Amino acid sequence: MADEFWLLEPSAAPEDSWWHGRQIWQVAVAAPSAAFARLEAERWALRREPPAHVGNESPALNAGFTDQRLYHARALSEHEIPHPEDFADSSVLVLAGPMESGAGA
């Protein structure tokens with residue numbers, strides 16, 4: 001199945017407590033489905049910055065892209081699709097971010 005292009009954008013307000021201090025992004029993802037786009041964005045975010053320990057807590061291995069309360073996924077229309085060369089050897093293209101959430105961890 002050929003990849004389509006998906007937009008993952010925040011669906012929660014920056015001050016929403018569901019963010020738990022995560023960075024907020026808007027990304028385009030090349031993937032065969034919205035579910036795969038969420039997983040690929042999650043892997044991309046976790047490769048980008050390893051989780052940090054806060055106190056004696058275990059790090060959260062979750063960037064939030066798989067949480068539907070935080071991110072909305074929709075297929076990009078033919079007119080919205082970024083140029084494939086913009087992806088520069090990655091299936092994730094950053095459109096905006098990182099933005100800090102207003103909610104603490």
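Here are some questions and answers about the sheet in this predicted model and the helix beside it.

Reader: Glad to have this fold to look at! In what order do the 4 strands of the open sheet run?

Author: Happy to walk you through it, pair by pair. S1 and S3 pair in the antiparallel sense over 5 bridges, and S1 also pairs with S2, again antiparallel and over 5 bridges. S2 in turn pairs with S4. Reading across, the order is S3-S1-S2-S4.

Reader: Which strands are the edge strands?

Author: Look for strands that pair on one side only. S1 does not fit, with S3 and S2 as its partners. The edges are S3 (71–75) and S4 (92–100).

Reader: Which residue in S3 stands opposite Leu7?

Author: Leu7 belongs to the pairing of S1 with S3. On the S2 side, Phe5 stands opposite Ala30. For Leu7, the residue opposite in S3 is Arg74.

Reader: And over how many bridges do S2 and S4 pair?

Author: S2 covers residues 23–31 and lies antiparallel to S4. One of the bridges joins Gln23 to Glu100 in S4. The count for S2 and S4 is 6 bridges.

Reader: By how much are neighbouring strands turned against each other on average?

Author: The pairing in this sheet is antiparallel, and the turn is taken with direction ignored. On average, neighbouring strands are turned by 15°.

Reader: Which helix packs on the sheet, and what angle does its direction make with that of S2?

Author: The helix is H1, residues 34–48. H1 touches S1, S2, S3 and S4. Its direction makes an angle with that of S2 of about 125°.

Key. Residues are numbered from 1 along each chain as its sequence is written. This is a predicted model: local features need pLDDT of at least 70, side-chain atom pairs count only at pLDDT 80 or more; totals for chains, interfaces and linings use all residues. Side-chain values use heavy atoms; hydrogens and water are left out. Two strands pair if DSSP finds at least two bridges between them. Helices (H or I, at least four residues) and strands (E, at least two) are DSSP runs, numbered from the N terminus. Axes are lines fitted to C-alpha atoms, for helices over the stretch in contact, and angles run from 0 to 180 degrees between N-to-C directions. Contact means heavy atoms within 4.5 Å.
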